[in-house]
Structure formats: C-alpha cells, structure tokens
Amino acid sequence: MSRPASLPAFRSVLKPLLTATTLLASASFTFANQAQPAAPVAPATTAEVEKPACGGDYNVWLEGVIAEAKAAGISDSAIAELHKATIDERTLKRDRTQTVFNLTFAEFSKRLISEQRLKKGRENLVKYADIFKKAEETYGVPGPVIAAFWGLETDFGAIQGDFDTLNSLVSLSHDCRRPELFRPQLMAMLQLIDKGVVDAGTMGAWAGEIGQMQLLPKDYLERGVDGDGDGKVDLRNSVADAVMTAARMLSELGWQRGEPWLEVVQLTQDMPWENSIRTYRLPHSKWSSWGVKAANGAALGADDGDASLLIPMGRKGPAFLSYRNFDIFVEWNKSIVYATTAAYFATRLAGSEPFVLGTPEPGLTTEELTELQNKLVTHGYDMGRIDGVFGTKTRDAVRTEQLRLGMPADSWPTRELLEKL
C-alpha cells in the first residue's frame with residue numbers, strides 16, 4: 001500500500017505487493033465535483049490548449065510533460081530520461097486488478113502478520129533501538145508503529161518492488177484513470193533524478209513507491225530525512241534514513257505524541273451497534289456501560305481519551321477500540337482493512353495479545369457485493385463506481401439499511417441483508 005505523502009487526500013495510493021511474504025492493499029479513490037459559479041479566466045495559450053492531460057497520442061502527451069518539466073526548472077539531462085521511458089502494460093494491468101480489496105480483515109491480517117514477521121519485527125526493534133529511540137524523541141512516533149509499516153510495506157526492506165519507477169509513473173500519468181495523482185509524482189521523480197537523489201533506473205512498486213517504506217516521489221523529495229548523517233537521503237539502502245523519514249511523515253500527518261492508537265477488546269453483550277463508527281468517539285465509561293472490556297476481560301481504563309469501536313467484520317468478529325492516532329494509519333492508506341492490520345501489527349510489536357476471531361458471519365463475494373451495490377443504488381444511495389469493493393460508501397449505506405430493516409446496524413454486509421434488499 002504506499003504511503004505517507006504530502007498528498008493526504010490521496011493516502012490510498014494503490015500498490016499491493018503480491019509475493020509469498022508480502023501482500024498489500026489500498027482503498028479506491030473518490031473524487032467529488034461540485035458546481036462552482038463561472039468566473040472570468042485568462043485566455044488559454046496555445047501550449048495550454050494543445051497539452052493533453054492524459055491519453056491520446058503518446059508523443060503529443062509527452063511534449064506536454066516535457067513543457068511542464070522545463071517550466072518547473074528541471075534540467076535537460078533529467079528530461080532526457082523521459083525519452084527513454086516506455087508504457088509498462090504490467091503496471092496498467094496491476095492498477096486494474098485489485099482483487100485483494102475483498103479479503104476480510106482476518107484473511108488479510110493472517111497473510112501479513114505471520115509469526116516469522118512478528119519475530120523479525122521484534123528483532124529489528126532491538127537491533128535498531130538507537131534509531132527508533134531517536135525517531136520517537138524527534139517526532140513522537142513509537143518504534144513499533146514505524147516497524148509495523150516497515151514490515152508490511154517491504155518485509156523490512158527485503159522486497160522493494162521490481163517495477164521500473166519512471167516507466168510506471170509515465171504509464172500511470174498517461175493513462176486516464178488517475179492522472180491527477182500520478183502526473184505530480186512523475187514531476188517529483190524527475191526532480192529526484194535531477195538532484196541525483198535517485199537514478200533513472202530506480203526500481204520500486206508498480207504505483208511508483210520507492211524504498212524500504214515505499215514512499216511516493218513527492219514524499220521522498222519533500223519529507224526525506226538524512227537519518228545516518230552521511231549527507232544524502234537514501235530510502236532504499238539506509239535503515240536510519242527510512243525510519244526517520246517514516247517518523248517525520250507520520251508526525252506531519254498528525255500523530256499525537258504519547259497517545260494510543262488501537263486496543264484489542266471484548267464485546268460481552270448486545271449494544272446499539274449503530275454507534276460503532278470509526279469517527280464516532282466516546283469515553284471508556286460509555287463503552288464500558290455497553291459491555292466492552294479489555295482483551296483480558298478486565299474493565300477498560302480511565303477516561304483518558306475518547307475511543308471509537310472498530311468491528312471490521314461485524315459484531316460477531318474481532319473488536320477494537322481505536323483512538324485518534326488510528327486516523328494516521330488511515331491517512332497512510334485509506335483501506336480500513338490495511339490500516340487496521342498495520343495498527344494491530346504495531347500493537348503486537350508493542351507487546352499486546354492477539355485478537356479473538358469470534359464467529360463472524362461470512363462476508364460477501366465480489367459478485368455479491370456488486371449485486372448489493374446495485375441494489376443500494378436502486379434504494380437511492382450514491383455508490384460511485386460499482387466495483388464490488390467494500391468501501392466507505394458501501395459501509396455507510398449498509399448501516400443505514402440495517403437500521404431501516406430492524407437489523408443490528410454493525411455495517412457488515414451479509415447474505416441476509418442482500419436477500420432483504
């Protein structure tokens with residue numbers, strides 16, 4: 001999944017790495033267009049009129065990219081690398097086949113958080129203790145949080161991707177699916193090449209992320225930290241640079257020093273499930289009154305911060321209390337399944353016990369989710385693109401329909417709901 005960026009609105013950069021040890025996912029984008037009053041604008045120049053934003057004849061499109069790069073002050077030597085770049089069909093195929101989206105939290109977390117990865121993460125926290133200490137002292141982000149992203153993104157630097165970064169960014173910028181995201185990243189990549197920070201042959205993930213923490217070029221360019229003091233930022237080979245940069249990213253995304261992020265809990269009784277919304281936070285005393293207990297069965301701690309109930313597989317599945325630092329995991333990657341997995345991994349590295357799976361009701365297949373979305377559209381809901389992906393719009397609509405139908409409103413789509421609709 002990819003990540004911290006200077007583009008919070010696009011924290012869902014799409015980048016699953018499918019290997020025997022690494023499987024990443026991210027959430028889909030939603031772009032809302034609001035009508036605005038017409039305003040007088042200056043006449044467009046010929047170059048502006050002729051410069052296509054995406055698609056069409058590749059050479060004509062490339063001329064527009066080169067003009068933009070020159071206007072940004074990028075050198076001719078860096079721009080020359082654009083002429084060597086090619087469209088990578090493998091990148092475009094990966095962008096269109098995000099089947100990992102519909103894994104449940106239990107399936108996804110089981111694949112990513114193996115005992116071996118936990119062991120390796122704990123070893124790295126000891127091995128690089130001085131670096132993690134420096135990162136927390138400087139930016140307030142605990143080592144287990146940084147190590148969790150490090151482990152999930154690249155298996156602690158072992159798997160950084162085998163895609164030509166420049167080719168991938170050219171391909172995704174020319175493609176008309178999401179050029180508004182990737183065109184700025186292409187410009188940032190050219191600046192990195194121009195400054196000698198990376199070379200034109202840099203390899204990474206299919207969506208352009210680079211290095212041990214899988215950062216987009218703009219993140220690398222604008223937020224990179226020289227953690228080892230050698231005068232350069234090398235996110236591919238320097239653990240210190242990668243750890244310090246990730247800590248800076250998380251801090252600038254809003255991480256709150258000294259505060260929790262996620263806590264495994266038990267649900268001991270029925271409750272008003274419609275309150276289990278990630279952004280709806282209540283004090284521990286309220287959750288306790290509804291039968292929420294700590295993982296070991298003890299009472300929740302004092303009201304030292306509001307928390308929301310996170311039940312990624314419905315009321316019968318795993319349960320967590322999430323705090324405002326959990327929002328930073330979502331900023332890193334908009335997929336709730338990925339964000340919950342990363343936050344849970346961090347709690348395990350910090351010493352917490354594993355969650356209890358419970359007996360969740362089976363989730364829907366991609367085909368069933370597509371059918372559900374179509375039915376929700378007929379009931380007046382805006383589903384955006386019908387894609388069979390269980391995203392925020394689907395989750396919110398499911399909760400509303402569960403309430404209407406007198407079902408427990410835990411936002412988990414089931415076959416029962418599908419049949420009732």
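**Close-ups of a predicted model**

**View 1. Gln-214, tucked away in a loop.** At 0% relative accessibility, Gln-214 falls under the 20% cut-off, so it counts as buried. This is a predicted model, and Gln-214 sits in its loop between strand S2 (203–204) and helix H11 (217–223). The backbone is worth a look here too: phi of Gln-214 is positive, about 55°, even though the residue is not a glycine.

**View 2. Ser-411, another loop residue with a positive phi.** Ser-411 is no glycine either, yet its phi is positive, near 70°. Look for Ser-411 in the loop between helix H17 (392–404) and helix H18 (415–420). Its relative accessibility is 3%, so Ser-411 counts as buried.

**View 3. Asp-155, just outside two elements.** The loop holding Asp-155 runs between helix H8 (143–154) and strand S1 (163–164). Asp-155 has a relative accessible area of 11%, which means that it is buried. For orientation, Gly-121 is shown as well: its C-alpha is 9.0 Å from that of Asp-155, while 34 residues separate the two in sequence.

**View 4. Helix H6 against helix H8.** Stay with H8 and bring in helix H6 (residues 115–127): the two axes come within 10 Å and cross at roughly 130°. That angle falls short of the 145 degrees above which helices count as roughly antiparallel, so H6 is oblique to H8. H6 passes H8 in a right-handed crossing. On the H6 side, the contact is made by Arg-117, Asn-124 and Leu-125; H8 brings Gly-143, Pro-144, Ala-147, Trp-150, Gly-151 and Leu-152. Sorted by class, that gives five nonpolar residues, three polar and one charged.

**View 5. Helix H4 against helix H9.** Here helix H4 (residues 89–96) packs on helix H9 (residues 165–174), with the axes 9 Å apart and an angle of about 60° between them. That makes H4 oblique to H9. The crossing of H4 and H9 is right-handed. Thr-91, Leu-92 and Asp-95 make the contact from H4, and Ser-168, Ser-171 and Leu-172 make it from H9. Two of the residues in this H4 and H9 contact are nonpolar, three are polar and one is charged.

**View 6. Phe-105 and Phe-355, one of the aromatic pairs.** Searching the whole structure turns up 18 aromatic pairs. In the one shown, Phe-105 and Phe-355 are 5.2 Å apart centre to centre, with 45° between the planes, and the pair is tilted. The two rings come from distant parts of the chain, 250 residues apart: Phe-105 belongs to helix H5 (residues 105–112), and Phe-355 to the loop between helix H15 (336–349) and helix H16 (366–378). Phe-105 and Phe-355 are both buried.

**View 7. An aromatic cluster.** Which residues form it? The members are Phe-149, Trp-255, Trp-261, Phe-326, Phe-329 and Trp-332, in one aromatic cluster.

**View 8. Zooming back out.** Put the close-ups back into the whole and you have a protein with 18 helices and six strands. There are 421 residues, and 53% of them count as buried. As for contacts with a separation of 6 or more, 68% are between residues 24 or more positions apart.

Key:
Residues are numbered from 1 along each chain as its sequence is written. This is a predicted model: local features need pLDDT of at least 70, side-chain atom pairs count only at pLDDT 80 or more; totals for chains, interfaces and linings use all residues. Side-chain values use heavy atoms; hydrogens and water are left out. Axes are lines fitted to C-alpha atoms, for helices over the stretch in contact, and angles run from 0 to 180 degrees between N-to-C directions. Helices (H or I, at least four residues) and strands (E, at least two) are DSSP runs, numbered from the N terminus. Angles under 35 degrees count as roughly parallel, over 145 as roughly antiparallel, 65 to 115 as roughly perpendicular and the rest as oblique. A crossing is left-handed if the near helix is turned anticlockwise from the far one by less than a right angle, and right-handed if clockwise. Contact means heavy atoms within 4.5 Å. Ala, Val, Leu, Ile, Met, Phe, Trp, Tyr, Cys and Pro count as nonpolar, Asp, Glu, Lys and Arg as charged, and the others, Gly among them, as polar. Rings of Phe, Tyr and Trp (its six-membered ring) pair if their centres lie within 6.5 Å; planes under 30 degrees apart count as stacked, over 60 as edge-to-face and the rest as tilted. Buried means under 20% relative accessible area, exposed over 50%, partly exposed in between (1.4 Å probe, protein chains only).
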